[in-house]
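Student: I've got a structure open and would like to learn how to read its aromatic rings. Can you walk me through it?

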Amino acid sequence: MFTVRFGGISSGTRSDCTGLLDWLEGGIILGSFFCIGMKLRSPFCILAAAFGALASFSIAAVDGEDAGSLPRIFVAGDSTAAPGDGVGRVGWANPFSEFFDESKVAVHNKARGGRSSRTFITEGHWDDMLQEVEVGDLVLIQFGHNDGGAINREPEGSGRPLRARGSLPGLGDESEEILNAVTGKREIVYTFGHYMRKMVADTREKGATPVLLSLTARNLWKEGRLERGSGKYGYWTYQLAKELDVPFIDITNPVVDRFEPLGNKEALDVYFPQDYVHTGPEGAMINAEAVLSGLKGLRPNPVAGWLSEKGESVPVDTLSWLKLPIPEDAEKPTIFLIGDSTVRNGRGDGSNGQWGWGAFLDTHFDNTKVNVVNRAVGGLSSRTFYTGPYWERVKSMMKPGDFLIMQFGHNDDIALNDAERARGTIKGTGDETEAIDNMLTGQPEVVHTYGWYLRQYIETAKSEGATPIVCSLVPRKTWNEQGQINRSVGSYRDWAKQVADEGGVAFVDLNSLVADKYDALGKSAVNPLFGDAHTHTSWEGAILNAQCVAVGLRALDPNPLQEFMTVNIGSGDAVRFTFSPEMPQEAAIIVDPSMTYNEERGYGFDLGTSPDSEDGVFYFSVLATDGNYRLTIEFGDEEQASSNTVKVESRRLLLENVKTKAGRFTTRSVFANTRNSDLVPPEKYAPGGKSVVLNEREIGKLHWDGKLTIEFNGRAPEVRSLEIQRVDVPTVYLIGDSTVTDQPYEPAASWGQMLSRFFNDEVAVANHAESGETLKSFMTGLRLAKVLQEVDEGDYLFIQFTHNDQKEQWPQTYVEAGTTYKAYLEVLIAEARLRGATPVLVTSMQRRRFDSEGKIVSTLGDYPQAMREVARSEGVALIDLEPMSVALYEALGPADAPKAFSNGGKDATHHNNYGAYQLAKCVAQGIIDAKLPLAKALVSDFKGYDPSRPDDVDTFEMAASPFSSDLAPLGN
């Protein structure tokens, strides 16, 4: 019995019959192909064509059962999969059905020529197909060839027909509204990723299984190599498969591997008889075989039990289940990683909590300049990676200018021949061999030494124009009697080094680098770094190992990867920069004046400045996670004297007037704190938020931007080198209002941004105060939540609120001095103590208001006294800044006191650099008076301070930052 299943016709609201014509196209081609085969030119051919039109969508030969009960395989794609004309243009899905038993599965080729992921959806083809999809079906999705076309109309001067089929590039959420030049209707165009995600989601909603495919190869050659994918669409499809946990089949590279040995375009004309994109029957069959081979290699195999004899004969692609990555951009250099499960575990998705370090190495590279492709495979040795299909695929993708980083050894010390793995190598680096009949493969094999296999990788990489780098194997979590990690001494580590040395290639002793880290951390801290007993690392352990790889690469002299490497100062490893290329330093990153900051590189000169700036002032930024960082700065110049002032983030003063003579250098070490606005997300249904609620003036400011920015200033700044290292040190957290915050622009300043200058390299300052804040708003805006997720035992919490809390005209945040003001302070004290931190109350400074006798008139009401009472009742240290500020202002007098305030003295609340500096000295003195242990961390040149005898306001000098604003701070 022969059953025909008819697909539906849906033209929607289209008046041009596009849907019907597209539907008929495939059938007419099928009928025509039938006529050509019969060599008939008669009315019968017309009937055959008409029959083909009706049958083309869904034909299944069924013996004794209704075709409707069969599972189906649907193909959604473009002309490279569509039926075509049967001669010069044949898509792979046309012969695909030959691989399947018609009595067990039906293949429905829904691909349509000329369609992109966008137009396949917007023209209704996807919805038409979706109506037929049922639970248990398989949907193969392949787009990209037409997605790079015009979004609305071809560029001016183009001879191409009017089209509007392109999608926006990438996988993001971008969209663009257009008046479609073809349909005349308004349309919102989305990214390639948006349309592909919709297809995957719709397929899953139907209970079917989506499978994403990379693009078919095109007959395009460059420098003797065949193109491996059109643009980035294959890579984006891979990324989507990884993101959505969808099976991915790379058909591009297997097909290119078959075609490329033929040598040139002319040799491929038999496979591409019409043009460089579309295959003929022979080429279509090769693509179809690649698709089936990939499907058979998935785990589980989704087509098991459905295959015809021809389908069973197609070999299995043993790589497809691994979902191995491919280069994002073929035009860029690629760093290929090869190795075992300690480099890439399983599918690289962290199953069983186990990760390889290769999953995180890309964070140390500028991905705008280089691809990082982790092709390592778990369970393999240097031998089985070489003898299997794994090395051949890497080799075939490799091109001049690429890099190869290899790490083997864990699986080499195993039996040479057994029925389970048969993966061991002969120990050593010599030329010894052993002939075996491989019990696993059933084939004869000559096994070589560990060193021999490494040499093959090295020599092949060099012959391809790539640069090989050898790594020793990472250590296992096994400890010796001295409590240290066992090293691979006299074994695979040393053999890897020997091979690298003999081959004249770079060597990274990862075994020692990681072992040293583990030793320093100790057993209890190392245990969570593993996802199993002793071999495979967890997420955190893999990140640490990747950091060690990056450290080892940076230490190479020369480092062949230096121009591609980013900086991640959050790793805990010291990163050194040198700003004097003529005086390079060991393992230092040379920073050229032209290197502006970008996130991909992770460091660079910022805010339009460089050491070549006219005034010598420059900003240097480094991508950073929340925390404290030690800055070790070497000042000086061979030819001239220098005078240096250093600030971080929004003008937080660290060092001032550090001087050197010509030809002399001096090094200073200080701490800087940086943060972003992210919060640990609350549990589902729990109140809270994912980030601090910033006011409009804070957005984009240096103290919230996720990078550490250092301002090098002074009369004659000269910086030779900078070393940055993340550290855990006691931290003074400041919370308060505009009189405490880091004011971003001159001339306003606060004591909070001056306080760091008065601490040595034992304590860091984290200033979370902000203009306009009150006790209530600091909590409701989740600023307190940010502080409390960071503050820890041994830290300090300095609390100064009053100026805005006392405002009855702010009813949402007003607190009464004797009641709610005290209650809120008590809450903050309790929260600090709960975390082992020391709370310190700081009374607010007075506003500048003199009476007729030159005395300060209080504008703070009962609030300072209320804070003193809380300090006594709670047994909390108090820095009584209010009377000290009165003594300061009165010592200056009505004539000179305005010189301590912002905006030329017109502002009577907010201070300038001089006023903020004097108040910071008051706070430092208050630390001593309160007998806080913190007093030991004050700098040695602070000899105490009497606010009634302030620094001379007329001779005070501080290097002003380059950016200023006449916008007054919030609050008053």
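Tutor: Sure, starting with charges: one sits over a ring if NZ of Lys or CZ of Arg is within 6 Å of the ring centre and within 35 degrees of the ring normal. Here R848 lies over the face of F901, 4.8 Å from the ring centre, and K807 does so over W810, at 4.2 Å. Keep in mind that this is a predicted model, where local features need pLDDT of at least 70, side-chain atom pairs count only at pLDDT 80 or more, and totals for chains, interfaces and linings use all residues. Residues are numbered from 1 along each chain as its sequence is written, and side-chain values use heavy atoms, leaving out hydrogens and water.

Student: How do I read two rings together?

Tutor: A pair of aromatic rings is described by the distance of the centres and the angle of the planes. Rings of Phe, Tyr and Trp (its six-membered ring) pair if their centres lie within 6.5 Å; planes under 30 degrees apart are stacked, over 60 edge-to-face, the rest tilted. That gives 47 aromatic pairs. F360 and W539 have ring centres 4.9 Å apart and planes at 75°, so they are edge-to-face.

Student: Are F360 and W539 buried or exposed?

Tutor: Buried means under 20% relative accessible area, exposed over 50%, partly exposed in between (1.4 Å probe, protein chains only). F360, at 10%, is buried, while W539, at 44%, is partly exposed.

Student: Which residues do ring pairs link into a cluster?

Tutor: F385, Y386, Y390, W391, F408, W452, Y453 and Y457.
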